[in-house]
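Biologist: Could you take me on a close look at one part of this model, the nonpolar core, and show me how the surrounding pieces relate to that part? I would enjoy one connected walk-through.

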Amino acid sequence: MSTQPSVSYIPPILPAAGDQTAVQAALALGKLLSDMPEYQAFLNALREVNNNAEVQRLSVKIREHNNALQWGKGDLLEHQSATEILQAELESLPSLRVYRQAEEVITHLFHAVDEVISQAAGVPFAANAKRSGCGCGG
Amino acid sequence: MLTEELHTAALMLGEILHNSDVVQKYLKALADCEADPETADLEKRMRTIYEELLARQQRGENLQRSEIDDFNTLKRQVYQHPRIAEREASLIRVKQAFADIADDLNISLGTDFAALAQAGSV
């Protein structure tokens, strides 16, 4: 039997907590968030969008116009106009509207959680937790 | 909006981070900078000049080479100041530690917590 605490285990607050304690607290918080019905609704809506053929079709077309804009191919105004029309069409799809609503709930929830973490930490958490992606460790 | 259980778990993570060496060192370096009039003045000068140069450039004005060189000299002076260098180095360590913790949070979630939390702030 594993001696590791389960992810729902919430460790006590230690004055000089080690990294492992922070990892356990993060896993516990993540488990609580992922068990929330709002989060499950968000994941379901995301799956729905990812599996929707019309969403995929419109997304591919938008990417094609964006690529043309990026590389300066063809009439730029035409590409811009087409992108706006396709984006509006995409946003009007019922599955995307459901997703946007679920996303709004989750972003607000996560923002509220981040505010609690940041205030207690004394340093903004999410703003400093994003990896730069440059491979420089920043 | 947050349940008591969720609030407690978030608070606990925040307090653990606050008590960690990496955050304590950064907070001390930050306080040292704020308490030092020299560093505060240097940074204020750098910000003021930067904003002024940027505004002029955005108005279509061509900046003199000497102005850019002067700004870069001041910028080097700012980042080579021992207190500021210490604060910046400790902030890099905080970012690394926070990114690692966010990765652990993301393992439970299957999505990017930091990106979604930041999207909720706009």
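Modeller: Gladly! Please keep in mind that this is a predicted model. The largest nonpolar core holds 48 residues, and A:Leu29, B:Leu13 and B:Phe113 have the most contacts inside it. Both chains feed this core: from chain A, H1, helix H2 (37-50), H5 and H6 each supply at least two residues, and from chain B, H1, helix H2 (21-35), helix H5 (82-109) and helix H6 (113-119) each do so too. H5(A) gives the most, with 11 residues.

Let us begin with A:Leu29. Once its neighbours within four places in sequence are left aside, A:Leu29 is in contact with B:Ala9, B:Ala10, B:Leu13 and B:Leu105. One of these partners, B:Leu13, is itself among the residues with the most contacts inside the core.

From there we can widen the view to the two chains. In total, 46 residues of chain A are in contact with 42 residues of chain B. On the chain A side, the elements giving two or more residues are helix H1 (19-34), H5 and helix H6 (126-129). The largest share of that side, 15 residues, comes from H5(A). Sorted by class, the side of chain A that touches chain B has 30 nonpolar, 12 polar and four charged residues.

H5(A) therefore deserves a visit of its own, as the helix that gives the most to the core. Its 28 residues should span 40 Å at 1.5 Å a residue, and because its end C-alpha atoms are 40 Å apart, the expected and modelled spans agree. After H5(A) comes A:Gly122, with a positive phi near 85°.

Where does H5(A) meet helix H1 of chain B? On the H5(A) side the residues are A:Val113, A:Val116, A:Ile117, A:Ser118, A:Gln119, A:Ala120 and A:Ala121, and they meet B:Leu6, B:His7, B:Ala10, B:Leu11, B:Leu13, B:Gly14, B:Glu15, B:Leu17 and B:His18 in H1(B). The residues of this contact divide into 10 nonpolar, five polar and one charged. As for geometry, the axes of H5(A) (residues 94-121) and H1(B) (residues 4-19) come within 7 Å and cross at roughly 35°, and the crossing is right-handed. B:Ala10 and B:Leu13 appear in this contact and also among the partners of A:Leu29.

Moving along chain B, the loop between H1 and H2 holds B:Ser20. B:Ser20 is buried because 21 other C-beta atoms lie within 10 Å, where 20 or more are needed to count as buried. B:Ser20 and B:Val94 are 74 residues apart along the chain, yet their C-alpha atoms are separated by 9.8 Å.

B:Glu51, in helix H3 (residues 37-58) of chain B, has another setting. With 10 C-beta neighbours inside 10 Å, B:Glu51 counts as exposed, the limit for that being 12 or fewer. B:Glu51 and B:Lys28 are 23 residues apart in sequence, and their C-alpha atoms are 28 Å apart in space.

Back in chain A, let us put the core's helices into context. Chain A has six helices and zero strands, and its pattern along the sequence reads α-α-α-α-α-α. Of its 138 residues, 25% count as buried. Among contacts in chain A between residues at least 6 apart in sequence, 52% join residues at least 24 apart. One pair that is far apart in sequence is A:Leu46 and A:Glu103: they are 57 residues apart along the chain and 8.7 Å apart in space, C-alpha to C-alpha. A:Leu46 belongs to helix H2 of chain A and, with 16 C-beta neighbours inside 10 Å, counts as partly exposed.

Our last stop is H3 and H4 of chain A. The 19 residues of H3(A), residues 53-71, should span 27 Å at 1.5 Å a residue, which agrees with end C-alpha atoms that are 27 Å apart. Just after H3(A), A:Gly72 takes a positive phi of about 65°. A:His79 is found in helix H4 (residues 76-92), and with 19 C-beta neighbours inside 10 Å it counts as partly exposed. Not counting residues up to four places away in sequence, A:His79 touches A:His65, A:Ala68, A:Leu69 and A:Gly74. A:His79 and A:Asn50, by comparison, are 29 residues apart in sequence and 24 Å apart in space, C-alpha to C-alpha.

Definitions and conventions. Residues numbered from 1 in each chain as written. Chains lettered and ligands numbered in written order. Predicted model: local features only at pLDDT ≥ 70, side-chain atom pairs only at ≥ 80, totals over all residues. Axes fitted to C-alpha atoms, helices over the stretch in contact; angles between N-to-C directions. Helix = DSSP H or I, 4+ residues; strand = E, 2+ residues; numbered from the N terminus. Left-handed = near helix turned anticlockwise from the far one by under 90°. Contact = placed C-beta atoms within 7 Å. Nonpolar A, V, L, I, M, F, W, Y, C, P; charged D, E, K, R; others polar. Expected span 1.5 Å × (residues − 1). Core = buried A, V, L, I, M, F, W, Y, C linked by C-beta atoms within 7 Å.
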